[in-house]
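This report looks at the overall build of a protein chain and then turns to two of its charged residues. The sequence and structure are shown first.

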Amino acid sequence: MRLEGWEVREIKEAAKKIFGENVRVLLFGSRVYDDKRGGDIDLYIKAEYDFEKKIRFLAKLKRRIGDRKIDVVSNEFFELLLSSDEKLEAMMADIIKKTS
């Protein structure tokens, strides 16, 4: 996983503050692969989700880790991705478990 330990901690803390203690944060996309370079941070938030929480989360995260490209997707969108490509699930890294 191509995120530094401090970045993982900041993502975890911001997600719990905005979405609650039971949130699950999954990293997907190119950052899952250690041998690739660049790429945005793609996060799936599994929690009670609405647009306002997403904006608050992104604002908090950008203040903490810097202004970089971060994509956040919700339960409904991600479930559609999984149903169309089950391989995607195998490429995800569970951020909450990585730092617990």
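## Overall architecture

In this predicted model, the protein chain contains five helices and four strands, and, read from the N terminus, these elements follow the order α-β-β-α-β-α-α-β-α.

## Burial, contacts and surface

The protein chain has 100 residues, of which 42% count as buried, and its exposed area comes to about 6000 Å², with carbon and sulfur atoms supplying 49% of that area. When contacts between residues at least 6 apart in sequence are considered, 69% of them join residues that are at least 24 apart.

## Lysine 60

Lysine 60 lies in helix H2, which spans residues 51–65. This lysine is buried yet has no salt bridge, and the nearest side chain of opposite charge, that of glutamate 10, is 8.3 Å away. If neighbours within four places in sequence are set aside, lysine 60 is in contact with Ala14, Lys17 and Ile18.

## Aspartate 40

Aspartate 40 sits in the loop that connects strand S1 (24–28) with strand S2 (41–46). The residue is buried but forms no salt bridge, the nearest side chain of opposite charge being lysine 69 at 4.3 Å; because a salt bridge requires a side-chain nitrogen of Lys or Arg within 4 Å of a carboxyl oxygen of Asp or Glu, the pair of aspartate 40 and lysine 69 is not counted as one.

Lysine 69 is nevertheless among the residues that aspartate 40 touches once those up to four places away in sequence are left out, together with Arg31 and Asp71.

Methods
Residues numbered from 1 in each chain as written. Predicted model: local features only at pLDDT ≥ 70, side-chain atom pairs only at ≥ 80, totals over all residues. Heavy atoms only, no water. Helix = DSSP H or I, 4+ residues; strand = E, 2+ residues; numbered from the N terminus. Buried < 20%, exposed > 50% of the residue type's maximum accessible area, 1.4 Å probe, protein only. Contact = heavy atoms within 4.5 Å. Areas by Shrake-Rupley, 256 points an atom, 1.4 Å probe, with all protein chains shown as cover. Lys, Arg positive; Asp, Glu negative; His and termini not counted.
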